[in-house]
Amino acid sequence: MKFKLFIEPSKAEIVEAYVHQKSDFSTQLKEFVLSNGDSNTIVAYDDKDLTMVSFSDIVMITIVENKVLAICTNDKQYHIRKRLYQLTDLLPSNFWKINKSAIANRHYIVHFEETKNSGVNIIMKNGLTDYVSRRCFAKIRKELN
C-alpha cells in the first residue's frame, strides 16, 4: 500500500483512495474522512446508503429496537452506528440528554408538559413526545435558570 500527502493551500481538499475491494477498513476510512471534513455533521445511514446529516437538522436521537436513530426535521430517520454515550461527546451544547435512551435538540423543543403521575414529557416542534427523567430534568432546569 502506498500513501501520498500533498499540502497545497491554493487547492480544494480531496481524499482519494483506490482499493481492490470494499472492506470494513475502506468503510471506516470513508466515514472518518467525511465526518472530520465538517464538524457540524455526523455519519448516518439511510438503509445501506451512507449520508452526512447536519446537527441542525436533527430533532431527536433515540434508541428504537436496539438501534440508534436520528430523527430529522424532514421526518426521516437515519441509523447512526455509534452508542448514545459516544454521541454526547460529539454533539454541540444545544443537545440535551432527556432520558437514558434519548437526546433532544433544544432548538426544536416547544414545551415541557407535566404528566398525571408527576413526570415530565417533552413536546417537539414536529409532534414527537418523550418522557424526561427526573435526573435529566433537574440538569435541564439548572441550565435554563
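Two strands count as paired here if DSSP finds at least two bridges between them. I start there because that rule, at least two bridges, decides what I call a pair. Strand 3, residues 58–64, and strand 7 meet it with three bridges, in the antiparallel sense. One thing to say early: this is a predicted model.

First, the overall layout. The protein has three helices and ten strands. Along the sequence the pattern reads α-β-β-β-β-β-α-β-β-β-β-β-α. The C-alpha trace spans about 65 × 35 × 25 Å along the principal axes. The radius of gyration is 19 Å, whereas a compact globule of 145 residues would have one near 15 Å. Of the 145 residues, 30% are buried. Among contacts with a separation of 6 or more, 37% join residues 24 or more positions apart.

Now the strands, beginning with strand 1. Strand 1 covers residues 41–46, and five of its six residues are buried. Strand 2, residues 49–54, runs antiparallel to strand 1, and six bridges join the two. As one example of that pairing, Tyr45 has Leu50 in strand 2 as its bridge partner. Strand 1 and strand 2 form a hairpin with two residues between the strands, and Asp47 there takes a positive phi near 60°. Lys48 is also in the loop between strand 1 and strand 2. Is Lys48 buried or exposed? Its relative accessibility is 78%, so Lys48 counts as exposed. From Lys48 to His79 the C-alpha distance is 9.3 Å, with their positions 31 residues apart in sequence.

Next, strand 3 and its partners. Strand 3 and strand 4 are antiparallel and share six bridges. Within that pairing, Ile63 has Val68 in strand 4 as its bridge partner. The hairpin of strand 3 and strand 4 has two residues between the strands, and Glu65 in the turn has a positive phi of about 50°. Why can strand 4 be called largely enclosed by the rest of the structure? Because five of the six residues of strand 4 are buried.

Strand 4 also pairs with strand 5, antiparallel, over four bridges. Here Val68 appears again, standing opposite Ile80 in strand 5. So that one residue can be followed both ways: Val68 is the bridge partner of Ile63, and Val68 stands opposite Ile80. The hairpin of strand 4 and strand 5 has four residues between the strands.

Asp75 sits in that loop, between strand 4 (67–72) and strand 5 (77–80). Its phi is positive, near 60°, and Asp75 is not a glycine. As background, most residues other than glycine have a negative phi. Asp75 counts as exposed because its relative accessibility is 55%, and the cut-off for exposed is over 50%.

Ser118 is another residue with a positive phi, near 60°. Ser118 belongs to the loop between strand 8 (109–114) and strand 9 (120–124). Is Ser118 exposed or partly exposed? With a relative accessible area of 48%, Ser118 is partly exposed.

Back to strand 7, where I began. Strand 7 covers residues 102–105, and its residues are all buried. Ala102 and Ala104 point one way, while Ile103 and Asn105 point the other way. Toward strand 3, Ile103 is the bridge partner of Ile61. Strand 7 also pairs with strand 6, residues 95–99, in the antiparallel sense over four bridges. In that pairing, Ala104 is the bridge partner of Trp96. The link from strand 6 to strand 7 is a hairpin of two residues.

A short stop before helix 1. Ala17 lies in the segment before helix 1 (24–37). At 52% relative accessibility, Ala17 counts as exposed. The C-alpha atoms of Ala17 and Asn94 are 35 Å apart, and the two residues are 77 residues apart along the chain.

Last, the pocket. How much space lies in the largest pocket? The figure is about 1300 Å³. There are 28 residues lining the largest pocket, and the closest to its centre are Phe3, Lys4, Ile14, Val15 and Glu16. By class, the lining has 16 nonpolar, six polar and six charged residues.

Notes:
Residues numbered from 1 in each chain as written. Predicted model: local features only at pLDDT ≥ 70, side-chain atom pairs only at ≥ 80, totals over all residues. Heavy atoms only, no water. 1 Å grid on protein atoms, 1.4 Å probe; cavity = no way out; pocket = protein on both sides within 12 Å on 5 of 7 lines; lining within 4 Å. Points joined across faces, edges and corners; volume = space filled by probe spheres on them. Nonpolar A, V, L, I, M, F, W, Y, C, P; charged D, E, K, R; others polar. Buried < 20%, exposed > 50% of the residue type's maximum accessible area, 1.4 Å probe, protein only. Rg over C-alpha atoms; globule rule 2.2 N^0.38 Å. Contact = heavy atoms within 4.5 Å.
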